Amino acid sequence: MEITMSEHQEVTAKVGWKGRKTISLMRVALRQRSLQRSVGAYLLTLVVSIGASSAAYPSQAVQQMVAMCAGGALMAAAVWAIVATVRLQTALGRNVVLACIMSIGMLIPIVNILFLASHDGRATKLLKKHGVRVGLLGVPRDELHKLVQGACRKCGYDVRTITGPVCPECGTPLPAAPAAVAPAA
Ligand SMILES: [Zn+2]
């Protein structure tokens with residue numbers, strides 16, 4: 001089943017002070033995936049550039065060229081990770097200005113790891129609470145349908161118009177009310 005964000009039927013959660021903010025768990029899941037990929041890309045680039053810096057080169061010009069490419073790739077991956085952190089924070093309900101200010105901390109070693117772990121942990125906790133599996137690379141693609149209202153929890157079939165007790169596609173028992181698909185936080 002193709003998941004689209006435009007259908008306005010994502011499962012939501014209430015967060016923040018007195019639970020006044022409603023956030024889309026689909027957005028949290030997608031942005032967490034993006035953050036984890038950006039961190040993966042950064043680490044990969046780091047390993048490659050360390051390897052490249054210790055290799056032997058035919059000339060100094062080539063060595064400088066390789067160093068420049070590695071530096072550029074590292075910078076790009078770091079920017080991607082910072083942007084992804086801001087986007088995950090806003091998905092979790094944080095004010096965008098505050099999220100940007102907080103992300104300055106991403107430039108400080110160790111602090112950035114704590115930051116990533118904290119946002120990632122918050123997203124994971126929230127998603128798990130709503131019954132989705134969260135792996136090393138976030139919510140797997142085949143679990144994302146669970147974050148769409150009115151979709152069968154098991155196979156993702158659109159069960160909004162189904163009045164029977166089970167999903168016609170896979171036989172999974174359906175909740176009595178759509179609200180039961182996603183218990184509020
Ligand atoms: Zn089903």
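In this predicted model, strand 1 and strand 2 run antiparallel and are joined by 4 bridges. Alanine 13 stands opposite isoleucine 23 of strand 2, and threonine 12 has serine 24 in strand 2 as its bridge partner. The two strands form a hairpin with 5 residues between them. Glycine 16, in the turn, has a positive phi of about 80 degrees.

Lysine 18 also lies in the loop between strand 1 (12-15) and strand 2 (21-24). Its phi is positive, about 55 degrees, although lysine 18 is not a glycine. Most residues other than glycine have a negative phi. Lysine 18 counts as exposed because it has 6 C-beta neighbours inside 10 Å, and the cut-off for exposed is 12 or fewer.

**Helix 1**

Helix 1 covers residues 25-53. At 1.5 Å a residue, its 29 residues should span 42 Å, and the end C-alpha atoms are 42 Å apart, so the two values agree. The buried residues of helix 1 are Leu25, Met26, Val28, Ala29, Leu30, Arg31, Gln32, Arg33, Leu35, Gln36, Ser38 and Tyr42. These buried residues pack against strand 1, strand 2, helix 2 and helix 4.

**Helix 2**

Helix 2 covers residues 60-91. Its 32 residues should span 46 Å at 1.5 Å a residue; the end C-alpha atoms are 46 Å apart, so expectation and model agree here too. Buried in helix 2 are Ala81, Ile82, Ala84, Thr85, Val86, Leu88, Gln89 and Ala91. Strand 2, helix 1, helix 3 and helix 4 are among what covers them. Glycine 93 follows helix 2 and has a positive phi, near 105 degrees.

Isoleucine 110 is found in the loop between helix 3 (96-102) and helix 4. Although isoleucine 110 is not a glycine, its phi is positive, about 70 degrees. Isoleucine 110 is exposed, since 7 other C-beta atoms lie within 10 Å.

The positive phi values are collected here.

| Residue | Phi | Place |
|---|---|---|
| Glycine 16 | about 80 degrees | turn of the hairpin of strand 1 and strand 2 |
| Lysine 18 | about 55 degrees | loop between strand 1 and strand 2 |
| Glycine 93 | near 105 degrees | following helix 2 |
| Isoleucine 110 | about 70 degrees | loop between helix 3 and helix 4 |

**Contacts of helix 4**

Helix 4 (residues 111-129) packs with helix 2 at an angle of about 35 degrees, with the axes 10 Å apart. Helix 2 passes helix 4 in a left-handed crossing. On the helix 2 side the contact involves Thr85, Leu88 and Gln89, which meet Phe115, Leu116, His119 and Ala123 of helix 4. By class, this contact of helix 2 with helix 4 has 4 nonpolar, 3 polar and no charged residues.

Helix 1 and helix 4 cross at roughly 145 degrees, and their axes come within 10 Å. This crossing of helix 1 and helix 4 is left-handed. Leu25, Val28, Ala29, Gln32, Leu35 and Val39 in helix 1 meet Leu116, Asp120, Ala123, Leu126 and Leu127 in helix 4. The contact of helix 1 with helix 4 has 9 nonpolar, 1 polar and 1 charged residues by class.

Leu116 and Ala123 of helix 4 appear in the contact with helix 2 and in the contact with helix 1. Thr85, Leu88 and Gln89, which meet helix 4, are among the buried residues of helix 2. In helix 1, Leu25, Val28, Ala29, Gln32 and Leu35 meet helix 4 and are among the buried residues of helix 1.

**The segment after helix 4**

Arginine 141 is in the segment after helix 4. Arginine 141 is exposed because 10 other C-beta atoms lie within 10 Å. The C-alpha atoms of arginine 141 and alanine 29 are separated by 9.8 Å, with the two residues 112 residues apart along the chain. Alanine 29 is one of the buried residues of helix 1.

Cysteine 155 is also found in the segment after helix 4. With 15 C-beta neighbours inside 10 Å, cysteine 155 counts as partly exposed. Its contacts, leaving aside neighbours within four places in sequence, are Cys167, Glu169 and Cys170. Cysteine 155 and leucine 114 are 41 residues apart in sequence, and 36 Å apart in space from C-alpha to C-alpha.

Conventions:
Residues are numbered from 1 along each chain as its sequence is written. This is a predicted model: local features need pLDDT of at least 70, side-chain atom pairs count only at pLDDT 80 or more; totals for chains, interfaces and linings use all residues. Axes are lines fitted to C-alpha atoms, for helices over the stretch in contact, and angles run from 0 to 180 degrees between N-to-C directions. A crossing is left-handed if the near helix is turned anticlockwise from the far one by less than a right angle, and right-handed if clockwise. Two residues are in contact if their C-beta atoms, placed from the backbone, lie within 7 Å. Ala, Val, Leu, Ile, Met, Phe, Trp, Tyr, Cys and Pro count as nonpolar, Asp, Glu, Lys and Arg as charged, and the others, Gly among them, as polar. A residue is buried if 20 or more other C-beta atoms lie within 10 Å of its own, exposed if 12 or fewer, and partly exposed in between; C-beta atoms are placed from the backbone. The expected span of a helix is 1.5 Å times one less than its number of residues. Two strands pair if DSSP finds at least two bridges between them.
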